[in-house]
Each structure stands twice: as C-alpha cells, then as structure tokens.
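Visitor: I have some questions about this structure before I go back to the bench. Can you walk me through it?

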Amino acid sequence: MATTGKVKIGLIGSQFQADIHATSLRSMPHEAEIVAVASPTPGNAEKFAKHFGIARAYTNYREMLKDREIEMVSICAPNSLHAQMTKDIAAAGKHVMVEKPLAMTIAEGEEMIAVTKKAGVLLMYGEELLFTPKYLKVKEMADAGAFGKVHLVKQGEKHFGPHSDWFWDVNRSGGGAFMDLGCHGIAFCYWFLGRSPIKSVYCQMGTYVHSAKTKADDDCLCILEFENGAVGLIENSWAKRGGMDDKIEVFGEAGVSYANLHMGNALPTYSENGYGYAVEKAPTTKGWTYPVFEELWNYGTPQELNHFARCVRGRETLQSTGEDGLVVMHALYAGYASAGEGKKIAMPFSAPEAKRPIDLWLNGSAKR
C-alpha cells in the first residue's frame, strides 16, 4: 500500500450515511478521496458515483475489493452486514472503517477485532461525537479542571425515527433506538470520563409510537455507573417530533457546562412558504424552524474521517477503535437485559452469543 498521498477509499452504501461520508470527505479533500462505491441495488452506485464524481461503481462490494488502488473501505450498510463485510475487507488487506454500532452481537465484534488484527489492518469505529467541535471544547475544559471532579455526564439524541427502513427490522438492526442512538451516548460518556470501566447499566425502554412498524424500542432511558464514581445518563428516542435534538450536560464539583449541538448553530427562522432544508430529520420548513449551517462539520464527521485517513498513513494514533466499539456492544447488551429483567445489570455482563440485544428485552420477564 501507499505510504504517501491521499488515502484511496472504497465506500459500501449509497444512502443517507454514505452521502454523509462522501460529502464530508469532499469538504476535507487533502487526506483522502473516494475512488469507488458499491451498492447492491441496480443503478444506485452509478447514480451516487456520478453525483460525487467517483471514478468506479459496483453492485457487488466483493468485486470492489479486488480494486488494488483502494486502501481503506468505509462500511455504511445495515448492522447485520458489518461482520461479514469486515472479514472480507480484512482478507483483501484493506483497512476497515465501520459505522456504529460495531456489529449485531458481541461475538461478531470479537471476531471483527481478531480478523483485522491478524490481517494487520486498522479497524476504525465510527463515533463522530468524539470529534464534534462543541463537545470537544467541553472535554478540553473538563480535562483542564474547569469543573473539578466530574460526577455526572448526560447525553441525549432524539428524533422521530431513522432514515432507512431497515432500522425498523430487528433482524437487520439488532435493536431499536437504544441500539441506534444509545451507542453514541455510551461511547461519549465512556470517552469523556477517560475510558473508566463501566460498573453497571440500568435501562427503561418501550415502544410508544412506532409499534405498527417495529418490535424494537423507540424510547429509552439509560443510567451507566462508572468505576471512577461518575454516572452517565443517556436519553434516546425515535418518538420525538420536530427534527434532531442532540445535547450534552456535564456536572462537576466546581462547575457545569451545557452544550446543545444544534441550537447554538441555528438561525431562528419563520417562513410561511417553507424552504429546502433546515436540519437532519426535520419534517417541515414552514412556520418557526431552526436551520443550521456547516451541519456535518458541527457533527464532527469530516474531522473523524480525516483522522482515520491520517491513521492509515501513520500520522495520528487511532482515537476510536474496534475495542471501543466492543465496550459499547457489551453495554448495549446489558442495557437491553436490564430493561428486560427490570433491574440494574452489573458489568461485565455475559451475553448469550446466539441472541441479538433486542431479544434480551423482548424475551425478558419485565417485558412479559
């Protein structure tokens, strides 16, 4: 593989998250570029490639992996495909970037880590909250002692549901709002608190709005206890109307900080006619809305992908690893078990290998 120049990326996927990756890399073009895209739906890859000026398009990602120019592959595909794709990419000798959550099961995540290590390639876990400028500033202040000893970190992400239909299908997603959004909160609190081990997990969840679409949870409250004495409180919802809501709160013995990802970057706007786009998952642009600017930059995705490209070149040390993703998987399992049994779950938690996270809730005594 090359040791200099732009990292050549192959992208698996052509929908929402793939669009974010392509747009993000185009906004920071110095470290990496997408040279090929693969999508199984006839015509999608070609259309995507034409839109973003990508040289090659494939309907079979395994054919794309034969492309010798590609050094790194970004997986923007359903959760159920992450493990097999990672194994195939590693076998082709290419670095792997996988979107959250790491896998469908803990066993899959462990296998992904093992095969990439054996192949000598990086397994990069996509968690943009570690690169979000506003949240990074709060972390910087906390590390400088601004809040003294931090005892509570809150993170919430809420909207009215996912962008692709496969999220509603537990056979492809493995879980609901907690699996989709809770992985962000778990990863954020774990990172913010210096990767202190998680001591226990307690969750309450339900399907309050979307029971006609899914068996999965569409709203969840989660409490994490860390070995350093701090607590993480995570709020996730697919049942909140009005568009994306993402925020953090940090409380310490000497201070507090609040960060709302969107409102601090929004332009309060009133329109009777509506306009093109306001913010991710906003259903309308009529009436009062809060359009954001530089949305992807404020999310941190361009910085995340730029960091991963620099890691491929050995210029930076990987900040979000497969092992980090596996910590999140263990907490997700414990959370679904907690909601299923109606009690706090001590960590480490031994999850049944054959079960998806959602099954621990659906089949739990509290659910029944």
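Guide: Start with a term: a salt bridge here is a side-chain nitrogen of Lys or Arg within 4 Å of a carboxyl oxygen of Asp or Glu. Residues are numbered from 1 along each chain as its sequence is written. This is a predicted model, in which local features need pLDDT of at least 70, side-chain atom pairs count only at pLDDT 80 or more, and totals for chains, interfaces and linings use all residues, while side-chain values use heavy atoms, with hydrogens and water left out.

Visitor: OK, how many salt bridges does the structure hold?

Guide: It holds 21 salt bridges. In one of them, the side chains of Glu31 and Arg315 meet at 2.8 Å, N to O.

Visitor: Where do Glu31 and Arg315 lie?

Guide: Glu31 is in the loop between α1 (16–27) and β2 (32–38), and Arg315 is in the loop between α10 and α11 (322–341), so the pair ties together parts that are 284 residues apart in sequence. Helices (H or I, at least four residues) and strands (E, at least two) are DSSP runs, numbered from the N terminus.

Visitor: Is Glu31 buried or exposed?

Guide: Glu31 counts as buried because its relative accessibility is 12%. The cut-offs are under 20% relative accessible area for buried, over 50% for exposed, and partly exposed in between (1.4 Å probe, protein chains only). Arg315, at 41%, counts as partly exposed.

Visitor: Which residues are linked in a network with those two?

Guide: The network of salt bridges links Glu31, Arg310, Arg315 and Glu316. Within it, Glu316 and Arg310 form a salt bridge at 2.7 Å, N to O. Glu316 is partly exposed at 32% relative accessibility, and Arg310 is partly exposed at 22%.

Visitor: Got one inside a helix?

Guide: Lys137 forms a salt bridge with Glu140, with the closest N and O atoms 3.2 Å apart. They are 3 residues apart in helix α6, so about one helical turn separates them. Lys137 is partly exposed at 42% relative accessibility, and Glu140 is partly exposed at 48%.

Visitor: Why would such side chains pair at all?

Guide: Side chains of opposite charge can pair when their charged atoms come close.

Visitor: Switching to aromatics. How many aromatic pairs are there?

Guide: The structure holds 11 aromatic pairs. Rings of Phe, Tyr and Trp (its six-membered ring) pair if their centres lie within 6.5 Å; planes under 30 degrees apart count as stacked, over 60 as edge-to-face and the rest as tilted. Phe131 and Phe308 form an edge-to-face pair, 6.4 Å centre to centre with 75 degrees between the planes.

Visitor: And where do those two sit in the chain?

Guide: Phe131 is in the loop between β6 (123–126) and α6 (133–143), and Phe308 is in helix α10 (residues 301–312). They are 177 residues apart, and the pair links distant parts of the chain. Both Phe131 and Phe308 are buried.

Visitor: Any other pair you'd show me?

Guide: Tyr135 and Phe188 are edge-to-face, because their ring centres are 5.6 Å apart and their planes are at 65 degrees. Tyr135 lies in helix α6 and Phe188 in helix α8 (residues 177–192), so this pair ties together parts 53 residues apart in sequence. Tyr135 is buried, with a relative accessible area of 0%, and Phe188 also counts as buried at 0%. Tyr135, Phe188, Trp191 and Phe192 form one aromatic cluster.

Visitor: What about the largest nonpolar core: how many residues has it?

Guide: The largest nonpolar core has 83 residues, and those with the most contacts inside it are Ile12, Phe178, Ile186 and Phe188. Such a core is a set of buried Ala, Val, Leu, Ile, Met, Phe, Trp, Tyr and Cys residues joined through side-chain atoms within 4.5 Å. Apart from it lies another core, of 24 residues, among them Val7, Ala18, Ala32 and Leu318.

Visitor: Last one. What does Pro133 touch?

Guide: Leaving out residues up to four places away in sequence, Pro133 touches Trp297, Asn298, Gly300 and Gln303; contact means heavy atoms within 4.5 Å. Pro133 is in helix α6 and counts as partly exposed at 30% relative accessibility. From Pro133 to Gly145 is 12 residues in sequence and 19 Å in space, C-alpha to C-alpha.
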